[in-house]
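User: I've got some questions about how the labels in this one were assigned. Mind walking me through them?

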Amino acid sequence: MTRSAKAGRLFGDHFLSRLAAEEQAIVANVRRLAKEVLGPNAAAVAQQDVFAWETFRLLAKEGVIGTAFPREAGGTDARQVLRIRIVEELGRVCSASASIVTGADLSCRAIVAGASDELKTELLPGLCRGEIQAAFALSEPGAGSDVRGLATVIRREGDRYLIDGEKKFITRGTTADWFVVVGRAEHDPDCFIAVLVPRNASGFMIGPEVGKLGWAGVPISSLEFRNVATPVANRLGQEGDGFNLAQDALVRARIGHAAMALGRAIGAVEIATAYMADRKLFGKSLGEHQGAQWMLAEMVTRIEASRALVQLAAEKYDGTDPDAGIFASMAKLQATDLGMKVVTDALQLTGGRGYLQDFPLERFFRDAKLNQIGEGSSEVHKTVIGRDAVRRARDLERHPCLKFESLVDY
Ligand SMILES: Cc1cc2nc3c(=O)[nH]c(=O)nc-3n(C[C@H](O)[C@H](O)[C@H](O)COP(=O)(O)OP(=O)(O)OC[C@H]3O[C@@H](n4cnc5c(N)ncnc54)[C@H](O)[C@@H]3O)c2cc1C
């Protein structure tokens, strides 16, 4: 059946108009790739569940991976307001594609921000072109949500560092050429150090890929470091900068997770509404039933509200606003929890069809969960946001309706 079709989003591409013309062209190209290649191939990528090299190479060739890199390295140094549009487009069709783009930033950000000029010149052009890959190794068996519990020890010996420890859940562990490793200085447990370790370093062991619920096409593995040596010249930033370098990468990654979850939610709504139009039951289409319309209304309203919050977080990051981190937490919490709910409801709306493996919502449903866990779970972000809100409230003027000095004694 042929349909007259209009490209774009259900409620418009309002944030696109805030981008410069060349930025809009990048989004248009990503949308084309999503439509012509990445969307149609997404199910096969997920089914094979090996690193999605073809997707990676395509995104590198088209300069999408390069959006995370500085111009000197051949990249486009994209603002976060552009990156969220790109990631949203990719998340709408294929989580592996979106993860490849957010992961390039997560794994390379500390190199961009903290490597020596020599190291940047050596590594960034190849990373930007997708000729080599990096991985970001922070999480450990004893330190996931509680990152300050890192047990990996880094000790200096002359002009090299020696590393001992374990990392787990590391995306691209089996494919990366370089690893950004964060650990504690042996001489001072409060001093965090980030170093780059090459894949072939002696004593560095990479575990096998681990099966997981979703995000097929971007495998993870564990890493083990036994007296692994890396030159002091491979340190990122100064000794003591490790935690801040990781935090900067994580803030950007949180905004990325939010955009990916929103993109997937938008895609899920498109798929559900297509089914609602086609499916006839009780004498009319599913879309004509008020109960289904109400579900849809909740989804699209909350998606648009969340998009505005994600946009705000990206704007704050681009403007180096000191509140960028807390808004990134809010955006991630809101968009990823909503993403899980929307995908669940969209699957419900598509009934048994949605539950089948040949229908994309089954994949969307499995993929949505990780956005609520990675880069700080929803609970961690609630803790961060709640603590921050209590602190801010202490500094605020009293509400004008409160006329008592003490609210406790009366
Ligand atoms: C597919 C995948 C890819 C990943 N890729 C990477 C990577 O490339 N690099 C990397 O370094 N890490 C990576 N991770 C690790 C990821 O960041 C961690 O899984 C995440 O930070 C949560 O840590 P954890 O799994 O140890 O959960 P835990 O710390 O064990 O937490 C378990 C649960 O406890 C709850 N919780 C935690 N804190 C609180 C609290 N304060 N109050 C109430 N409840 C709480 C939350 O529900 C949380 O989900 C990846 C993980 C996965 C699954």
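User: How many residues of domain 1 are in contact with residues of domain 2?

Analyst: 26 residues of domain 1 touch 18 residues of domain 2, where contact means heavy atoms within 4.5 Å. Keep in mind that this is a predicted model, where local features need pLDDT of at least 70, side-chain atom pairs count only at pLDDT 80 or more, and totals for chains, interfaces and linings use all residues. Residues are numbered from 1 along each chain as its sequence is written, and side-chain values use heavy atoms, with hydrogens and water left out.

User: What area do domain 1 and domain 2 bury between them?

Analyst: About 1800 Å², 68% of it on carbon and sulfur atoms. Buried area is the accessible area (1.4 Å probe) that two parts lose on being put together, summed over both.

User: What makes the ligand's pairing with the side chain of Ser-145 a polar contact?

Analyst: The cut-off is a pair of N or O atoms within 3.5 Å. A ligand oxygen is 2.7 Å from an N or O atom in the Ser-145 side chain, so the pair qualifies. The side chain of Glu-379 also has an N or O atom 2.7 Å from a ligand oxygen.

User: Why is the ligand said to lie between domain 2 and domain 3?

Analyst: Because domain 2 (134-240) and domain 3 (244-393) both give residues to the shell around the ligand. Those bounds come from an automatic or database domain assignment.

Notes. Polar contact = N/O pair within 3.5 Å; in protein donor to acceptor, adjacent residues only side chain to side chain.
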